Amino acid sequence: MPCDDWRQAGAAELAPWYAAERDRWTRVLGWDPVLVLAMAEEARQAGRLAGFVARDDAGRITGVAYYNHERGALQIGALQAERADVVRDLLDRILESPEASFARRYQGFLFPPIGGVDVALTRRRFDVMPQLYLGCRLDGLAPPAGTPVQVRPWRDEDVPAAARLLARAYAGTATGAAFAPEGRLDEWVAYLGAVLHSPACGAFEPSQTVVIDGPRPERLGGLVLTTRLSPSTVHLAQVAVDPDQHRRGLASAMIGRVARLSSGGATRDVTLLVADDNAPARRLYERLGFEQRSVFLLASRGRITRQSASPRVAEGTAVAAR
Ligand SMILES: CC(C)(COP(=O)(O)OP(=O)(O)OC[C@H]1O[C@@H](n2cnc3c(N)ncnc32)[C@H](O)[C@@H]1OP(=O)(O)O)[C@@H](O)C(=O)NCCC(=O)NCCS
């Protein structure tokens, strides 16, 4: 299966792929990725975003993968194909790329259209963690019970305290490593910058983002970061509570407040992503009325060495010097 540099492909050739991708996300997830796809296409055309397209014998595009390399991490932005063997070819091309030889880490947050992507990744030594995409009708969210807590709106100056809260809430967890690989505060600040300013996780909704103050001014007790995925869907991009204040109803109260702030307009659904193995969070969302709608894959692995390369690479295919 030939895989070519996607930067050589014509915009018209890729247009059906973008349209199908937008349709799939919108239909299955209620998430309109139009801005993210437009940014990818702009970066591709400018030569800034590396990737590959796979074609059938007639030259039609049957798969797309793209990735970027930043601060030692190779981030796979898309890995899509109609067949599993094409996914494998695309993945091998990424792992054989010159950028891969410089990367210390590889990561992808993927929403594959077909099965078998997890197997392809696992065989190439990625750890694959399913991330459940949950949703709830706004009018079906169970109201929080228990003592009322003081929830207040987000302010721009909350960023440093929010980064400290996230570092504490996610310390030592695999999910945390996906956002901040070494759990450092600067990584959490960078993560927050991405949620607040890039459309990757939806458009930040400051008016529907809430926090709970902590015992000291520089600390937050809890945080729910909200983004908009489409006119009818808001997304809880982050829910975190200080470990010292767990099980006091803080997360439930904040989600309840977001629901109230979102009501009265076009919003119909609330969605979020939760790691399959995050039992406390899954229990919380189940209690509030969320149900599973789909699954993403969070894939990560460390540096590629000759011994740990992909099956094809390990079999001796010519690879870029690493
Ligand atoms: C998940 C998290 C946000 C919950 O916050 P919280 O304020 O403790 O949650 P609440 O007090 O509102 O819990 C409401 C209900 O959720 C369930 N729940 C919450 N934490 C639980 C736990 N550790 N074990 C079992 N059930 C739990 C319970 O049913 C609980 O009700 P109960 O205490 O009356 O039994 C918090 O544990 C956290 O910050 N975790 C780390 C970050 C994270 O994983 N965020 C979610 C990402 S999707």
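**Exercise 1. Locate Arg-125 and characterise its backbone and its exposure.**

Solution. Arg-125 sits in the loop that joins α5 (117-123) to β6. Helices (H or I, at least four residues) and strands (E, at least two) are DSSP runs, numbered from the N terminus. The model is a predicted one, in which local features need pLDDT of at least 70 and side-chain atom pairs count only at pLDDT 80 or more, whereas totals for chains, interfaces and linings use all residues. Residues are numbered from 1 along each chain as its sequence is written.

Step 1: the phi of Arg-125 is positive, about 65 degrees, although Arg-125 is not a glycine. Most residues other than glycine have a negative phi.

Step 2: a residue is buried if 20 or more other C-beta atoms lie within 10 Å of its own, exposed if 12 or fewer, and partly exposed in between, with C-beta atoms placed from the backbone. Because 16 other C-beta atoms lie within 10 Å, Arg-125 is partly exposed.

**Exercise 2. Determine where Arg-71 lies and whether it is buried or exposed.**

Solution. Step 1: Arg-71 belongs to the loop between β3 (61-70) and β4 (73-81).

Step 2: its phi is near 45 degrees, a positive value in a residue other than glycine.

Step 3: Arg-71 has 11 C-beta neighbours inside 10 Å and therefore counts as exposed.

**Exercise 3. Describe the division into domains and the side of domain 1 that touches domain 2.**

Solution. Step 1: the protein is divided into domain 1 (3-131 + 299-314) and domain 2 (142-288). These bounds come from an automatic or database domain assignment.

Step 2: the C-alpha centres of domain 1 and domain 2 are 28 Å apart.

Step 3: twelve residues from domain 1 and 15 residues from domain 2 take part in the contact. Two residues are in contact if their C-beta atoms, placed from the backbone, lie within 7 Å.

Step 4: on the side of domain 1 that touches domain 2, two or more residues each come from α2 (34-45), β5 (105-110) and β6 (127-137). The most, three residues, is given by β6.

Step 5: this side of domain 1 divides into five nonpolar, five polar and two charged residues. Here Ala, Val, Leu, Ile, Met, Phe, Trp, Tyr, Cys and Pro count as nonpolar, Asp, Glu, Lys and Arg as charged, and the others, Gly among them, as polar.

**Exercise 4. Identify which residues come nearest to the ligand and which elements supply its shell.**

Solution. Step 1: there are 20 residues around the ligand, of which His-246, Ala-251, Ser-252, Pro-280 and Leu-284 come nearest. A residue is near a molecule or strand if its C-beta atom, placed from the backbone, lies within 6 Å of it.

Step 2: at least two residues of the shell are supplied by each of β11 (233-241), α9 (250-262), β12 (269-275) and α10 (279-288). The largest share, five residues, comes from α10.

Step 3: the shell around the ligand divides into twelve nonpolar, four polar and four charged residues.

**Exercise 5. Analyse the burial of α6 and its packing against α8.**

Solution. Step 1: in helix α6 (residues 159-169), the residues Ala-161, Ala-162, Ala-163, Leu-165 and Leu-166 are buried. Their cover includes α8 (185-197), β10 (220-230) and β11.

Step 2: α6 and α8 pack at an angle of about 115 degrees, and their axes are 9 Å apart. Axes are lines fitted to C-alpha atoms, for helices over the stretch in contact, and angles run from 0 to 180 degrees between N-to-C directions.

Step 3: the crossing of α6 and α8 is right-handed. A crossing is left-handed if the near helix is turned anticlockwise from the far one by less than a right angle, and right-handed if clockwise.

Step 4: Val-159, Ala-162, Ala-163, Arg-164, Leu-166 and Ala-167 of α6 meet Leu-185, Trp-188, Val-189 and Leu-192 of α8. The residues of this contact divide into nine nonpolar, no polar and one charged.

**Exercise 6. Establish which residues Asp-4 touches.**

Solution. Step 1: Asp-4 is found in strand β1 (residues 3-5). With 14 other C-beta atoms within 10 Å, Asp-4 is partly exposed.

Step 2: Asp-4 touches Phe-52 and Val-53, leaving aside residues up to four places away in sequence. The C-alpha atoms of Asp-4 and Phe-52 are separated by 5.3 Å, although these residues are 48 residues apart along the chain.
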